[in-house]
Amino acid sequence: MSDTRDELDNLNQIGREILINSRNELCMRFHYLYAPLCAMPFQSGGTISIATDGENIFYNPAFLSERFTRSHMIINRAYLHLILHCMFRHLRKKRGKQALLWDIACDAVVESVLDSLKDPCLAGKYIPAKQAFYDECRRDMRVLTAEGIYRLLLRSNRTEYEFSALNRLFHVDEHDLWDPDRQRADKQDQDWKERAERVLTGIETVRAGQATGGEAVSEQVKAAVRDDMDYHDFLLRFAAPREILSLDADAFDYGFYSYGLRLYGNLPLIEPVETREEKRIDDFIIAIDTSMSTSGETVKLFLACTYAILRTSNIFTRKVNIRIIQCDDQIRSDNIIHDPDELKILMENFKLTGGSATDFRPVFDYINQLRQAGEIANPRGLLYFTDGMGIYPERRPPYQTAFILTEEPPISISMPPWAIRLILELPGLERTARKIRDADRNIMPEEFLLLDNLNEMPEL
């Protein structure tokens with residue numbers, strides 16, 4: 001019995017040393033990943049080949065030994081594969097998703113990063129089927145993310161067999177330990193988010209491109225650490241205080257009011273305040289990039305959400321002055337909106353016009369002309385719906401400007417420091433649209449959205 005236990009201990013020690021050697025080599029090659037690579041202790045996992053729960057790395061020594069005898073680079077890739085899952089926050093985000101499709105999406109994203117690092121310690125066999133899948137995904141997104149690939153898989157017409165084949169193609173580790181209890185998962189997710197942010201800072205400190213594999217990891221980490229932004233809350237940033245005719249119950253003192261009635265009979269000492277201050281939006285501009293990289297359906301969904309917020313929110317005055325401008329490298333159209341119904345009519349007949357390269361400067365020049373002509377008095381802000389790739393103005397405009405992007409732009413895109421950047425991913429827009437539609441179908445009519453295509457496919 002003792003001999004069996006000693007043999008098992010020896011096997012476990014061999015597996016631990018294999019992982020330690022792999023970790024040391026990865027730390028030497030990727031200095032900016034030192035903290036994440038050393039964040040988790042090793043635990044013998046019995047029948048588990050290799051896996052993580054976000055706090056430990058579990059391994060099967062026989063599995064590691066067999067893979068190591070084939071090539072130590074297989075272990076390196078598997079080790080970094082686990083770490084990237086945690087850094088990209090795949091474990092926490094699994095909740096509520098179809099397990100098989102989410103597993104495929106997460107593994108494919110991580111493998112795409114490993115394949116792009118081009119480091120000798122991660123060299124793997126070239127597999128055409130993997131590259132073909134990356135190319136398919138990149139036709140829909142510039143930066144591959146698990147959320148984007150998961151959404152693509154949901155809408156694909158693949159059979160159950162084809163999904164299983166994809167799973168085998170990208171499978172590296174076990175995901176059965178993902179999604180632990182909520183309280184522990186939230187704390188764990190926050191820890192990994194902080195580690196990922198420190199990695200991002202480290203990459204940017206030495207400038208991506210000088211760090212080995214910096215660009216590939218940086219783009220993914222930026223997407224992973226970004227928190228969801230509510231579009232309604234974002235619009236509040238463009239509101240200014242306005243005094244409106246309305247009773248302000250919060251500023252009214254009922255004590256003095258009732259005391260006057262008791263003292264003088266029918267004479268209150270203080271009357272209710274008949275005006276109150278609220279944040280409102282008057283003049284506003286929405287610019288739409290109509291270059292070839294912009295989808296008409298996505299723009300329509302963005303406008304539909306804007307319309308719904310306009311109808312249900314008090315942040316817009318009764319009579320607004322909204323300009324909806326289409327532009328690629330020149331102004332293509334300018335629609336003036338004075339009330340929500342006009343926006344509804346515009347959406348029902350909306351068509352993108354243009355298709356040339358993107359130049360943001362004509363919109364800013366055009367707005368200056370409108371201001372000089374008195375057609376726009378004091379714009380509260382400009383929302384520019386775009387993919388982020390284009391020629392930016394050199395000078396900061398005298399109003400707030402936000403560039404709304406549906407996905408993280410490539411790291412090579414340098415936006416001006418004065419620009420507000422909001423990543424409003426398509427799944428987030430779809431969730432907002434569904435939420436508004438479920439609350440009031442008259443505000444978000446189904447004909448504005450392809451909601452049938454947004455429904456998730458049944459469990460496989």
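This section describes a helix pair, an open sheet with a packed helix, and a set of parallel strands in a predicted model.

Two packed helices are described by the angle between their axes and the distance between the axes. For helix 6, which spans residues 99-117, and helix 8, which spans residues 146-155, the axes come within 8 Å and cross at roughly 135°. Angles over 145 degrees count as roughly antiparallel and those from 65 to 115 as roughly perpendicular, with the rest, outside the roughly parallel range under 35 degrees, counted as oblique; helix 6 and helix 8 are therefore oblique to each other. The handedness of this crossing is right-handed. On the side of helix 6, the contact is made by L101, W102, I104, A105, C106, A108 and V109, and these residues meet A146, E147, I149, Y150, L153 and L154 of helix 8. By class, the residues of this contact comprise 12 nonpolar and 1 charged, with no polar residue.

Earlier in the chain, an open sheet is formed by 3 strands in the order 1-3-2, and its pairing is mixed. Strand 1 (42-44) and strand 2 (50-52) are the edge strands, each of them pairing on one side only. From one strand to the next, the twist averages 25°. Strand 2 and strand 3, the latter covering residues 57-59, run antiparallel and are joined by 3 bridges. Within this pairing, T52 has I57 of strand 3 as its bridge partner. The sheet is also packed against by helix 4 (residues 72-87), which touches strand 1, strand 2 and strand 3. The direction of helix 4 makes about 20° with that of strand 2.

A further set of pairings involves strand 9, which comprises residues 400-405. Strand 8 (residues 381-385) runs parallel to strand 9, and 5 bridges join the two. In this pairing, L383 stands opposite A402 of strand 9. Strand 9 also pairs with strand 10 (residues 420-423), again in the parallel sense, over 4 bridges. Here L405 has I423 in strand 10 as its bridge partner. Strand 9 thus has pairings with both strand 8 and strand 10. Burial was assessed for strand 9 with a cut-off of under 20% relative accessible area. Of its 6 residues, 5 are buried, so strand 9 is largely enclosed by the rest of the structure.

Definitions and conventions: Residues numbered from 1 in each chain as written. Predicted model: local features only at pLDDT ≥ 70, side-chain atom pairs only at ≥ 80, totals over all residues. Heavy atoms only, no water. Axes fitted to C-alpha atoms, helices over the stretch in contact; angles between N-to-C directions. Left-handed = near helix turned anticlockwise from the far one by under 90°. Contact = heavy atoms within 4.5 Å. Nonpolar A, V, L, I, M, F, W, Y, C, P; charged D, E, K, R; others polar. Pairing = 2+ DSSP bridges. Buried < 20%, exposed > 50% of the residue type's maximum accessible area, 1.4 Å probe, protein only.
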